[in-house]
Amino acid sequence: MDYQQIIDQIKTMYPGYAGQGFVPLHAATFSGNEKKYLNECIDTTFVSSVGEFVNRFEREIAGYTGAARAVVCVSGTNALHMALMLAGVERGDEVITQPLTFIATANAISYCGAHPVFLDVDRDTMGLSPAKMKSWIEAHAFVKDRQCYNRGTGRRIKACVPMHTFGHPVHLDELVALCREWHIELVEDAAESLGSFYKGRHTGTFGRVGVLSFNGNKTITTGGGGMLLFNEENVELAERAKHLTTQAKVPHRWEFVHDAVGYNYRMPNINAALGCAQLECLPAYVESKRKVAAEYAAYFSQPEVQARYGGIEFFSEPAECRSNYWLNAIILPDHEAQLAFLTQTNDAGVMTRPIWELMNRLPMFGACECGNLSTAEWLADRVVNIPSSVRL
Ligand SMILES: *Cc1c(COP(=O)(O)O)cnc(C)c1O
């Protein structure tokens, strides 16, 4: 199959990048007060672990997402690590997640000394499937003294980490109910879904803790960074998070006393300054990304395009959701088409990439327990991400 027409379409949508000979998958955009705020950090010398931008960034992210509290971290990965610790995950526990995710989700589970259990995703969200999880749990788990255990391994199933793939929210109502019924803590990996809403409520605010990422390729960036989100019921956990991410130091004018094994996970002020400037642009960025997605959707649904490339599907937001369309995705008819598309687009200077290799196929997670993964396996063979940068 010759995909030249799609390559031309993408170049038409990104004329600036195409003119320079390379259309990136997702480039960062700096169009606001970034330099001004960074200069303020340097001029006041508050570049590091103390400074007003950190508090302001936390406040403003809480405001935007509707979280009761937000706590910064130096990356999304260590925000996930912290979130799992706060949810009570301990060495030897099991944590349910999806195999179709970025490696950070599974790594954070390992940092706790816990074991991931990989369960399938839904076709319409590409995220953890409540129906598949329900049938796996009913077949494999039991509850004793308000704790959930795996019948086969005897281990406690402490938490469940769904991930909002490419910014598309998972079926949260069903997962919340299932976790409540089985005494499992819900921790949302919302690293990709800043600006995405499920039934009008921001992703990352449904479980015990939610996690955002501000890595360079995300919707907004702080260079590197992450955020923990807490709703009204969990504000005391936010205090604990603040304490543990700042080396568990007991506040005092001069003494260095620490009351737990803490972590140096606090985002520096200079990164938070970048975050404050980026956050001011977020509504415009999400607007722009949704417009790009709408153009792709219109292009791929044309009868002429469908006739030529029969079977290519543009992935659209799930029902009752408003997605940030962080990375646009198409589903090709089969694995051979996926490889041909990847080769032709990357050869033509249009950056595309396949969805992640499934976690259970990686050497360090190859021995982990899995459910039936038929949908994840089907998607892994077919999904490709296409250029998704903000256009201003
Ligand atoms: C980006 C991302 C993270 C966090 O990554 P960092 O680079 O550490 O900020 C976690 N989970 C998923 C699914 C991600 O895409």
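## Pockets in a predicted model

User: Which residues lie nearest the centre of the largest pocket?

Analyst: This is a predicted model. Nearest the centre of its largest pocket lie Arg180, Ile184, Glu185, Leu186 and Arg208, and the lining has 17 residues.

User: Which elements give two or more residues to that lining?

Analyst: Two elements do so: the helix α8 (172-181) and the strand β7 (185-189). The largest share of the lining comes from α8, with 3 residues.

User: And how much space lies in the largest pocket?

Analyst: About 460 Å³.

User: How many of the lining residues are nonpolar, polar or charged?

Analyst: The lining of the largest pocket has 7 charged residues, along with 5 polar and 5 nonpolar ones.

User: Moving on. How much space lies in the second largest pocket, and how many residues line it?

Analyst: The second largest pocket holds about 290 Å³ of space. Its lining has 22 residues, and Phe102, Ala104, Ser213, Asn215 and Lys218 lie nearest the centre.

User: What about classes there?

Analyst: Polar residues number 10 in the lining of the second largest pocket, with 8 nonpolar and 4 charged.

User: Which element gives the most to the second lining?

Analyst: That is α5, with 3 residues. At least two residues each come from α5 (76-86), α6 (103-111) and β10 (209-213).

User: Which domains does the second lining draw at least three residues from?

Analyst: Domain 1 (4-29 + 282-357) and domain 2 (34-279) each supply at least three residues to the lining of the second largest pocket.

Methods
Residues numbered from 1 in each chain as written. Predicted model: local features only at pLDDT ≥ 70, side-chain atom pairs only at ≥ 80, totals over all residues. Heavy atoms only, no water. 1 Å grid on protein atoms, 1.4 Å probe; cavity = no way out; pocket = protein on both sides within 12 Å on 5 of 7 lines; lining within 4 Å. Points joined across faces, edges and corners; volume = space filled by probe spheres on them. Helix = DSSP H or I, 4+ residues; strand = E, 2+ residues; numbered from the N terminus. Nonpolar A, V, L, I, M, F, W, Y, C, P; charged D, E, K, R; others polar. Domains from an automatic or database assignment.
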